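Please look over the sequence and the model below. The paragraphs after it walk through the fold piece by piece.

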Amino acid sequence: MRIVMTGSGYVGLVSGACLADFGHEIICVDKDERKIAKLREGGVPIYEPGLADLIARNVKAGRLSFTTDLATSVADADVVFIAVGTPARRGDGHADLSYVYDAAREIAGALKGFTVVVTKSTVPVGTGDEVERIIRETNPDAQFAVASNPEFLREGAAIEDFKRPDRIVVGIEDERARPVMEEVYRPLYLNQAPLLFTGRRTSELIKYAANAFLAMKITYINEMAELCERVGADVQQVARGIGLDNRIGSKFLHAGPGYGGSCFPKDTLALVKTAEDSGAPIRLIETTVAINESRKRAMARKVIGVCNGSVRGKTIAVLGLTFKPNTDDMRDAPSLSIIQALQDGGAQIRAFDPEGIEAAQPLLQNVDFFHDPYAAAQGASAVVLVTEWDALRALDLSRLRGVMAGNGLVDLRNIYRPEVAEAAGFIYDSVGRGMAP
Ligand code: NAD
């Protein structure tokens with residue numbers, strides 16, 4: 001099949017490269033000329049494990065190419081995906097759909113022959129209706145169907161997630177789209193693909209319902225961690241104790257500094273807004289959003305705690321900046337709020353991240369960046385571990401303590417055992433591991 005991917009970011013690039021790997025002919029389009037130039041030179045504008053090799057292999061095989069010219073690509077396509085960004089709109093938290101609608105307009109003008117236009121971006125209920133209206137208005141003669149096909153991949157494991165998804169959700173209102181979408185995903189499975197066809201609005205809502213549920217699960221265990229700290233219980237054992245129950249499941253029960261990233265914060269907010277506007281407010285998610293917001297900054301209080309009540313004039317080393325390991329994505333990373341809160345308290349920040357420094361630099365002022373965790377810790381009163389990168393899982397704690405000026409260690413991912421950290425000379429704090437009174 002000839003497929004166009006509009007938007008070559010984390011989702012578009014991974015989806016395009018994976019579909020090419022299964023034999024489809026893919027053109028990835030982006031309006032960012034630097035991104036396309038880099039891809040054409042054999043580079044990859046984002047960090048995602050395995051992606052560089054996957055792209056190189058499929059470019060070489062002639063199945064994957066890159067362009068800024070949407071119109072020419074669309075004319076020959078059977079399927080055109082829209083995988084552009086849908087960030088939170090400034091001010092009110094609604095999803096900003098301007099990129100989606102602009103893309104729809106551009107696509108509309110170039111359609112030739114029957115084409116399925118598929119929204120892969122995460123978009124609020126009813127967006128597919130509007131995309132359909134825009135295309136019809138822009139090009140009344142176009143032969144097309146608009147489908148919704150939300151993406152569930154996780155950054156850091158995106159290729160595996162795309163190639164072996166738990167399910168593929170496709171929302172259609174026009175039966176002509178069904179065989180086309182079946183054919184797009186058929187190569188992923190030897191047996192029947194776990195394709196779930198629904199109405200378009202249902203499909204759009206499934207994505208938000210899934211993300212909001214996961215965000216709520218994380219927030220639940222974070223609140224439980226808070227309680228554990230007060231009553232002398234261990235949140236990791238609580239998580240294991242409840243997670244082994246199949247009805248609950250063990251995933252997304254890791255207590256930490258609050259969820260971040262390019263999806264959960266904006267998607268929970270957008271769902272809250274949709275629900276509010278529809279007269280069916282979802283209080284559980286409203287509360288989830290509020291708890292998570294305050295939690296991120298509250299983590300700075302742990303750092304202040306191990307620094308005898310103040311970080312003013314002190315140096316703090318932040319290890320791990322991205323919202324999770326194995327990505328360079330800094331969007332809404334908890335580290336941003338934690339660093340801001342520490343700077344507000346008068347601290348000087350030194351930071352380490354294996355892949356995120358380039359993306360972090362424009363978002364953080366007055367921070368010194370290092371490519372080595374021990375270099376970042378030099379002269380620090382305290383170290384705070386924010387992201388559980390592999391490179392931070394087996395630090396030589398005595399060496400770390402040796403380069404620091406103070407002895408605070410705040411482990412927001414519970415990587416280390418308290419007794420080991422304390423034996424290395426640290427005043428140690430983590431998440432949800434309360435001391436029995
Ligand atoms: P991104 O910002 O990394 O990429 C979007 C790309 O679209 C950018 O490169 C931008 O230049 C390009 N673009 C914008 N308008 C365009 C146009 N008219 N024509 C061509 N290119 C255009 O975003 P992302 O992280 O890939 O997310 C895309 C969508 O997928 C969002 O709706 C997001 O919520 C959703 N999603 C993201 C993830 C994730 O893990 N990142 C997972 C599932 C779903």
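What follows goes from domains to strands, then to a helix, the ligand shell and two loop residues.

This is a predicted model. Start with the overall division. The domain assignment splits the chain into domain 1, residues 2–198, and domain 2, residues 211–429. Their centres, taken over C-alpha atoms, are 33 Å apart. The two domains touch: 16 residues of domain 1 are in contact with 14 residues of domain 2. On the domain 1 side, the touching residues comprise nine nonpolar, four polar and three charged ones.

Now turn to the strands. Strand S1 spans residues 2–6. Four of its five residues are buried, so S1 is largely enclosed by the rest of the structure. S1 pairs with strand S2, residues 25–29. The pairing is parallel and runs over five bridges. To find the register, take Val4: its bridge partner in S2 is Ile27.

A second parallel pair lies further along the chain. Strand S5, residues 115–119, is joined to strand S6 by five bridges. Here Val118 is a useful marker, with Ala147 as its bridge partner in S6. S6 itself covers residues 144–148, and five of its five residues are buried. Which residues of S6 lie on each side? Phe144, Val146 and Ser148 take one side, while Ala145 and Ala147 take the other. Both faces are covered.

Helix H2 offers a contrast between its sides. H2 runs from residue 33 to residue 40, and its buried residues are Lys35, Ile36 and Leu39. These three cover an arc of only 95° around the axis, which puts them on the same side of H2. The face turned away from that buried side carries Glu33 and Arg34, both exposed. What lies over the buried residues? Strand S3, residues 64–67, is part of the cover. After the helix comes Gly42, with a positive phi near 95°.

Next, the ligand. Its shell holds 28 residues, and the ones that come nearest are Gly7, Gly9, Val11, Ser121 and Thr122. Two helices, H1 (10–21) and H5 (98–110), each supply at least two residues of the shell. Which helix gives the most? H5 does, with four residues. Sorted by class, the shell has ten nonpolar, ten polar and eight charged residues.

Finally, look at two backbone exceptions. Most residues other than glycine have a negative phi. Asn308 has a positive one, near 60°. Asn308 sits in the loop between helix H12 (283–306) and strand S9 (315–319). Is Asn308 buried or exposed? It counts as partly exposed, because it has 13 C-beta neighbours inside 10 Å.

Asn414 also has a positive phi, near 50°. Its loop lies between strand S13 (408–411) and helix H17 (418–423). Asn414 is buried: 20 other C-beta atoms lie within 10 Å. The cut-off for buried is 20 or more such atoms, so Asn414 qualifies with its count of 20.

Terms used
Residues are numbered from 1 along each chain as its sequence is written. This is a predicted model: local features need pLDDT of at least 70, side-chain atom pairs count only at pLDDT 80 or more; totals for chains, interfaces and linings use all residues. A residue is buried if 20 or more other C-beta atoms lie within 10 Å of its own, exposed if 12 or fewer, and partly exposed in between; C-beta atoms are placed from the backbone. The arc is that of the directions from the helix axis to the C-beta atoms. Two residues are in contact if their C-beta atoms, placed from the backbone, lie within 7 Å. A residue is near a molecule or strand if its C-beta atom, placed from the backbone, lies within 6 Å of it. Ala, Val, Leu, Ile, Met, Phe, Trp, Tyr, Cys and Pro count as nonpolar, Asp, Glu, Lys and Arg as charged, and the others, Gly among them, as polar. Domain bounds come from an automatic or database domain assignment. Two strands pair if DSSP finds at least two bridges between them.
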